[in-house]
Amino acid sequence: IYDDGWTAVEQYLSDTVVRPDHALIDGVRRAREAGMPAIEVAPTAGKFLMLLAKIGLAKRVLEVGTLAGFSTTWLARGVGEHGHVITCEREQLHADLARANVDRAGVGSRVDIRVGPATDTLRQLVEAGAEPFDLVFIDADKPNNLNYLTAALQLTRSGSVIVLDNVVWDGRVVDADSADPNVRAIRESLEFIGTSADLDATAVQTVSSKGWDGFAIAVVK
Ligand code: SAM
């Protein structure tokens, strides 16, 4: 990945402004030791999610894609002690480490990790008539983005916020002829977000220790 100092700047901003504590830093270290890829959000983005939850006074958060619980920990901090985060993860190994990490971070009682394909978990939530979520963070397998967005619309209310991660994909998102299923799915989900009568949205490019990427953010009308 082309890096014009992004990683150094991310480190500086993280150290100076975000200041992740030991629970977060150790959680990421344990993920690396367990052989998990470095695909959790950057610390600046994690803190952004926490602030989004705080700004919106979110009490119920839904996350798709837990990995080792880094973004989950930020979100759980954002909802406060009476809040609740449901996070969906396909891999039992990831869920187990995430469980340990959120517990060690002192937010375990606010976090419900649902193991299995997220499309199943979301369908179960819809069928169970789950109370609307205030904030939804989608960060899993890109080919299912549209399924996750459709379910998110069924699981939210007017004013809820939906964040979709990794919408720039090293700039490849502009390649309309791409054969990459991730690129195709990202484009499809952005077109859905941009044209949905139920959403007011934008998308923001980012550069960080995670390279060139971005997120879409939408408010349910
Ligand atoms: N949100 C996490 C963070 O920032 O700390 C990172 C999530 S990582 C990018 C994506 C996760 O989604 C992986 O742990 C992967 O196992 C999980 N995943 C992929 N496909 C899935 C599916 N169909 N259902 C549930 N989880 C899935």
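This briefing walks through a sheet, the helices packed on it, and a few single residues. The model is predicted. At its heart in this account is an open sheet of seven strands, in the order 3-2-1-4-5-7-6, with mixed pairing. Strand 3 (111-115) and strand 6 (199-208) are the edge strands, and each pairs on one side only. Neighbouring strands of the sheet are turned by 15 degrees against each other on average, direction ignored.

**Strands 5, 6 and 7**

- Strand 6 and strand 7 (residues 211-220) run antiparallel, joined by ten bridges.
- Strands of a sheet pair through backbone hydrogen bonds, either parallel or antiparallel.
- Two residues make up the hairpin connection from strand 6 to strand 7.
- Gln205 has Gly214 of strand 7 as its bridge partner.
- Ala201 stands opposite Ala218, again in strand 7.
- Strand 7 also pairs with strand 5, in the antiparallel sense, over five bridges.
- Here Val161 has Val219 of strand 7 as its bridge partner.
- Strand 7 is largely enclosed by the rest of the structure, because eight of its ten residues are buried.

**Helices on the sheet**

- Helix 1 (residues 6-18) packs on the sheet and touches strand 6 and strand 7.
- The direction of helix 1 makes about 105 degrees with that of strand 6.
- Helix 8 (residues 181-195) packs on the sheet too, touching strand 5 (156-165), strand 6 and strand 7.
- For helix 8, the angle with the direction of strand 6 is about 140 degrees.

**Helix 8: two faces**

- Helix 8 has 15 residues and reaches 21 Å from its first C-alpha to its last. That is close to the 21 Å expected at 1.5 Å a residue.
- Its buried residues are Val183, Ala185, Ile186, Ser189 and Ile193.
- Seen down the axis of helix 8, these buried residues fall within an arc of 165 degrees, so they line one face of the helix.
- An α-helix has 3.6 residues a turn, so residues three or four places apart point the same way.
- The buried residues of helix 8 pack against helix 7 (145-154), strand 5, strand 6 and strand 7.
- Turned away from that buried side is a face carrying the exposed residues Pro181, Arg184, Gly194 and Thr195.

**Helix 2: a second two-sided helix**

- Helix 2 (residues 22-33) has twelve residues. From first C-alpha to last it reaches 16 Å, close to the 16 Å expected at 1.5 Å a residue.
- Buried in helix 2 are Leu24, Gly27, Val28, Arg30 and Ala31.
- These residues cover an arc of only 160 degrees around the axis, which puts them on the same side of helix 2.
- Helix 4 (70-79) and helix 5 (92-104) are included in what covers them.
- The exposed residues His22 and Glu33 sit on the face of helix 2 turned away from its buried side.
- Gly35 follows helix 2, and its phi is positive, near 85 degrees.

**Helix 1 against helix 3**

- Helix 1 and helix 3 (residues 43-55) pack at an angle of about 40 degrees. Their axes are 9 Å apart.
- The two helices are therefore oblique to each other.
- Helix 1 makes the contact with Glu10, Leu13, Ser14, Val17 and Val18. Helix 3 contributes Pro43, Thr44 and Lys47.

**Two residues to look at**

- Ser14 lies in helix 1. Its relative accessibility is 5%, so Ser14 counts as buried.
- Leaving aside neighbours within four places in sequence, Ser14 is in contact with Arg19, Pro20, Pro43 and Thr44.
- Ser14 and Ala45 are 31 residues apart along the chain, and their C-alpha atoms are separated by 9.7 Å.
- Leu51 is found in helix 3. With a relative accessible area of 38%, Leu51 is partly exposed.
- The C-alpha atoms of Leu51 and Ser160 are separated by 15 Å. Along the chain, Leu51 and Ser160 are 109 residues apart.

Technical notes
Residues are numbered from 1 along each chain as its sequence is written. This is a predicted model: local features need pLDDT of at least 70, side-chain atom pairs count only at pLDDT 80 or more; totals for chains, interfaces and linings use all residues. Side-chain values use heavy atoms; hydrogens and water are left out. Two strands pair if DSSP finds at least two bridges between them. Helices (H or I, at least four residues) and strands (E, at least two) are DSSP runs, numbered from the N terminus. Axes are lines fitted to C-alpha atoms, for helices over the stretch in contact, and angles run from 0 to 180 degrees between N-to-C directions. Contact means heavy atoms within 4.5 Å. The expected span of a helix is 1.5 Å times one less than its number of residues. Buried means under 20% relative accessible area, exposed over 50%, partly exposed in between (1.4 Å probe, protein chains only). The arc is that of the directions from the helix axis to the C-beta atoms. Angles under 35 degrees count as roughly parallel, over 145 as roughly antiparallel, 65 to 115 as roughly perpendicular and the rest as oblique.
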